Amino acid sequence: MAALPYLWDFWAMDHQMPPVGDWRAWVVIGGRGAGKTRAGAEWVRSQVEGALPTDKGLRTRVALVADTIDQARAVMIEGESGILACSPPDRRPKWVASKKQLEWPNGAVAQVFSAQDPDALRGPQFDAAWVDEFAKFRRAEDTWDMLQLCLRVGSDPRVVVTTTPQGLPALRKVLNDPRTVKTHAATDVNAANLADSFLADVKAKYAGTRMGRQELAGEILEGVDGALWNRDMFEKRAVAGKAFDRIVVAVDPPVSSGPKADECGIVVVGANMQGPRQMWTATVLADVSHKTNGPNDWAKRAQQAMIVFDADRLVAEVNQGGDMVKQVIHSRDPLIPFRAVHASRGKVARAEPVAALYEQGRISHVAGLDKLEDQMCLMAPQGFQGQGSPDRVDALVWAVTDLLLTGAKNNPGLRNL
């Protein structure tokens, strides 16, 4: 009777049990209160505990990754469904705050990491990991990549991801990996362990809404309701070998640099400008946006794009950098045709006229622009619904605006793709 509360195989629901088979990552997706945290904590227990309190388990070194260290401790370790609450008294690990780690009586160790500092995962090595609320990480892809390099101990390192769903690129990347398995549950399946008032309130507020589908039903939704762009707009792909009257490279410089800075948006667009303006069309040729190490870094990338695509002009937003942006560009090549643009309206207001051109079928994309298209589908009337800043979208908007909405038909000589 004393042991019964800790026999997880007896209490667990189907979605809380790891699938059988040879998998690398198990993703537990569910609505709020569906029991995801308990599933992660119990999986860690099952991996590190042995038959007796001091016996070794299957794994001895575990990484615990949350958005912040405080959240890892409050939810994954000390929460009502965390590891400490789930563990029997004779096997309960000890939290050592100075080391940011849990230590079990049998010698197993779990070390805590913050997704806001992926570089902290350089060096350590593990045979297991638990990642909680992955979809909310600002630097989800960087964190995931660094974690994979740490899972190099033993013959079968594995990772469990527990998360409320969001249609973000990093989560889709994990789910699309053939070595990933998934279980799913809505909030309702765990109703017996939730307050009746909670379920009644959230259903009254969110039933039938996009928020309800995501946070209660646990659905992964592509894009956002009312987004300025949807994926149907990208189905018509550009034909290779097409010639253009003008090509521009547009740059949205980041405010800062370093590992935690936003990306520098750099997008290349070509336009066909024959006939009246309302018949002009454009093709997005490349997205070479990247995390920058400083102005010289993004200026070099922009200059290379100018050369590769034989572009006619470089367009850059100068709200943050002022004359510095132009100076950095011309320090690399004083002959680069340059146009400074100022953002006098919000991002959505600037993007709406460009989105209208997509609806008219006047803009197409080459293949391979997934990250740009992901950002576009998260651009809603109320603002960008993704993480960070929509730097790629900003650069796209500046390029298309220059070519089709405000730019003059200069240098009409054809440019080949």
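Where is the place of Asp310? Asp310 sits in the loop between helix H9 (295-308) and strand E14 (313-317), and the last close-up returns to this loop.

This is a predicted model, in which local features need pLDDT of at least 70 and side-chain atom pairs count only at pLDDT 80 or more, while totals for chains, interfaces and linings use all residues. Residues are numbered from 1 along each chain as its sequence is written, and side-chain values use heavy atoms, with hydrogens and water left out.

**View 1. Trp229 and Tyr358 in the largest nonpolar core.** This core has 64 residues, and Trp229 and Tyr358 touch the most other members. Helix H13 (residues 391-405) gives the largest share, nine residues. A nonpolar core here is a set of buried Ala, Val, Leu, Ile, Met, Phe, Trp, Tyr and Cys residues joined through side-chain atoms within 4.5 Å. Both Trp229 and Tyr358 are buried (buried is under 20% relative accessible area, exposed over 50%, partly exposed in between, with a 1.4 Å probe and protein chains only). Leaving aside residues up to four places away in sequence, Trp229 touches Phe234, Ala351, Val354, Ala355, Tyr358, Met376, Cys377, Met379, Val393 and Val397; contact means heavy atoms within 4.5 Å.

**View 2. Aromatic pairs.** The structure holds eight aromatic pairs. For Trp229 and Tyr358, the ring centres are 5.8 Å apart and the planes are at 90°, so this pair is edge-to-face. Trp229 lies in the loop between helix H8 (210-215) and strand E9 (243-244) and Tyr358 in helix H11 (residues 347-359), so the pair ties together parts 129 residues apart in sequence. Elsewhere, ring pairs link Trp23, Trp26 and Trp43 into a cluster. As for the cut-offs, rings of Phe, Tyr and Trp (its six-membered ring) pair if their centres lie within 6.5 Å; planes under 30 degrees apart count as stacked, over 60 as edge-to-face and the rest as tilted. Helices (H or I, at least four residues) and strands (E, at least two) are DSSP runs, numbered from the N terminus.

**View 3. Gly30 and its contacts.** Gly30 is part of strand E1 (residues 25-30) and, at 0% relative accessibility, counts as buried. Its C-alpha atom is separated by 4.7 Å from that of Ala185, although the two residues are 155 residues apart along the chain. Not counting residues up to four places away in sequence, Gly30 touches Lys36, Thr163, Thr164, Pro165, Ala185 and Gly218.

**View 4. Ala204 on helix H7.** Ala204 lies in helix H7 (residues 196-206). With a relative accessible area of 69%, Ala204 is exposed. Here's a contrast for the sequence reader: Ala204 and Gly275 are 71 residues apart along the chain, and their C-alpha atoms are separated by 55 Å.

**View 5. Positive phi at Glu133 and Asp310.** Most residues other than glycine have a negative phi. Glu133, not a glycine, has a positive phi of about 55°. Glu133 is in the loop between strand E6 (128-132) and helix H5 (140-150), and at 22% relative accessibility it counts as partly exposed. Back in the opening loop, phi of Asp310 is near 50°, again positive in a residue other than glycine. At 47% relative accessibility, Asp310 counts as partly exposed.
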